[in-house]
Number of protein chains: 2
Amino acid sequence: MRLVCWRCGFQTEYRPGLYVCEHCGEPLLVDSDFRTSLREDGTLIPRELRLVTLGEGRTPVIKSREGIYLKLDYLNPSGSFKDRGAVTAVSEALSRGCKLVIEDSSGNAGISYSAYAGRAGIKARIYVPYDAPAGKKNMLKALGAEVVEAPTRDEAARLAVSDPEGCYVGHRINPYFLEGMKDLALELVRGLGEVDYVVSPLASGTLLIGLWKGYMELVEAGVVKRVPKLVAVQACGYESLTKYYKPCVSVCRSRAQLPDGIRLTDAPRLQHVAKILKELEGLYAVIDDELAVPYLRELWREGVVAEPTSAYGYAVARELMKEKSISGKVVVILTGNGIKHVSGGMTI
Amino acid sequence: MRLVCWRCGFQTEYRPGLYVCEHCGEPLLVDSDFRTSLREDGTLIPRELRLVTLGEGRTPVIKSREGIYLKLDYLNPSGSFKDRGAVTAVSEALSRGCKLVIEDSSGNAGISYSAYAGRAGIKARIYVPYDAPAGKKNMLKALGAEVVEAPTRDEAARLAVSDPEGCYVGHRINPYFLEGMKDLALELVRGLGEVDYVVSPLASGTLLIGLWKGYMELVEAGVVKRVPKLVAVQACGYESLTKYYKPCVSVCRSRAQLPDGIRLTDAPRLQHVAKILKELEGLYAVIDDELAVPYLRELWREGVVAEPTSAYGYAVARELMKEKSISGKVVVILTGNGIKHVSGGMTI
């Protein structure tokens, strides 16, 4: 396996724990292509990166009453799309003998790492903001993880990176985590053929970059003609991408409370996200709870138990379709299972 | 479509709302065979019984560290295996013009019916025992269902059946609900080939009878040689099957509190369950929370987020394997998603 820096082009052989470019500091990518990735088992994931499994991936797609395709990625084993990346990241950690993996998370990524660490028979220590949803913290503990609370999401990240014990496997910079996301592209192609737009919430960018990486390999292999236009959605008060990319929609009346999965003020891969969006003529939207909540309710009333963060993507898709800014085959990635919230007492 | 009574042999053509034998009062079965069932889309479900979908079925199977195959059926759209039956039952209700479906449920079946009713654009009214888990009641409301609380699970059933409005679609007697369960057999065969034992919790018997019915059709079609031995698991204080079948294991120190999915004192299809177990030389076990909880914890520590009811099945499989009462390829059906409990505050 070789690693490559998307920004400065630096290349290097795989070295245990090397996540960041030694020249420019950007998080690295695995230098994969479809020849090394497209596997007999019908996935894009390098075989050496699936040493454990909990049955992740191959989630259903359904068409909403409004004609939008919903990828129910919250039906992954631990209840979020993060399982796709946790399986590859934990496998890489296992391959270098880690007995304790360390992650910072607002919830889903920590739950996912805890589940896969448990599956692999190793320990997980998860740094979370103190105000992460109680249900998510409960799940971390039930999965056997050690939970460390930090004052903010950003502080949780700082503490996790500087923890001297164990292996830091943080999804925000981990190149192997991204590899696990690629199958999402493959599954969309298999289920829906060519699509026009893929809409998803944006926090650390792992979903968007992984999707782009998967699609690039499929284009290279001639499986599809083009990468769909990607639409990234952030929440009011946490619009970290505006530093690098201009939103086409900004509905921002008050700081978002609900979408815990995207309440981050910064992330290491945002410049790369901006570059990808620019190349693909992708779109970027910032909205608030007031706009998103009726769409969350709409999803649930249609039997789709997505979490608030996922409804942010759906809301933007619906709004952009209404105003005819996007059309054709539109897919929304529903990223997290709303049971985590609603079982905890949230009213929808 | 024809309906048949397993006990007295009475046969009749499909009539809207006819669930129970006019001669002997037993709940009817759809008189299907593999020729009418095995479909181009690769399922055993009659096409007229899939008018709505939320992407149910095709759930993963993983192998536990202890060598038991775990069918993660809690990864169905609304978080339980009941989605398999709700899709067919709601479709039948739709086909006869129902605008309101009525169900009695301890939680999962109601959630499932609410989700599919929402998907179909009709109303659901769910009768639940007042002590159903709060997280499950919250989910029902979030899905837009009308929730009616009853003093007990049995009283919820009585009230639902006698509700004069809408269509009673109760999973406990609904023949179409059972049809939706058959694919579980097909998926086990496709994923694992021939298996020796299938272990599952037993409440109303829909899972067990549906599994048996699916397997019978596959045997008839020559897809597999035999039906696996089925193992039914009930909870201490709710061992309703003992009237008809002798348990091979009974560990009963105190009345079970945790497995809300199997805390029923009676069910209409138990005599049929007993007949099936007898014919297949199946097994029946009754255990308590004290035995089940360490296994619930074992599952979660391995990243498997099953609910307590599901852990009852796993516990029995582990115990029977330890004492060498069962061996070979053993599958446990994990029926409900534990997120519904743990997000609500349960400590594991």
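This talk covers one strand of chain A with its partners, then a nonpolar core, then a single tyrosine. Keep in mind that this is a predicted model.

I'll start with strand S5 of chain A, residues 69-72. Its side chains alternate: A:Tyr69 and A:Lys71 point one way, A:Leu70 and A:Leu72 the other, and all are buried.

S5(A) pairs with strand S4 of chain A, residues 61-63, in an antiparallel arrangement with 3 bridges. Within that pairing, A:Val61 has A:Lys71 as its bridge partner. The two strands make a hairpin, with 5 residues between them. In the turn sits A:Gly67, with a positive phi of about 85°.

S5(A) also pairs with strand S14 of chain A, residues 330-334, this time parallel, through 4 bridges. Here A:Lys71 comes up again, standing opposite A:Ile333.

Next, the core. The largest nonpolar core has 236 residues, and those touching the most other members are A:Val90, B:Val90 and B:Ile287. Take B:Val90: leaving aside residues up to four places away in sequence, its contacts include B:Val52, B:Val101, B:Tyr113 and B:Ala120. In soluble globular proteins, nonpolar side chains tend to be buried together.

Last, A:Tyr14, in the loop between strands S2 and S3 of chain A. Why does A:Tyr14 count as partly exposed? Because it has 17 C-beta neighbours inside 10 Å, and a buried residue needs 20 or more, while an exposed one has 12 or fewer. Beyond residues up to four places away in sequence, A:Tyr14 touches A:Met1, A:Arg2 and A:Leu3. From A:Tyr14 to A:Gln271 is 257 residues in sequence and 23 Å in space, C-alpha to C-alpha.

Technical notes: Residues numbered from 1 in each chain as written. Chains lettered and ligands numbered in written order. Predicted model: local features only at pLDDT ≥ 70, side-chain atom pairs only at ≥ 80, totals over all residues. Pairing = 2+ DSSP bridges. Core = buried A, V, L, I, M, F, W, Y, C linked by C-beta atoms within 7 Å. Contact = placed C-beta atoms within 7 Å.
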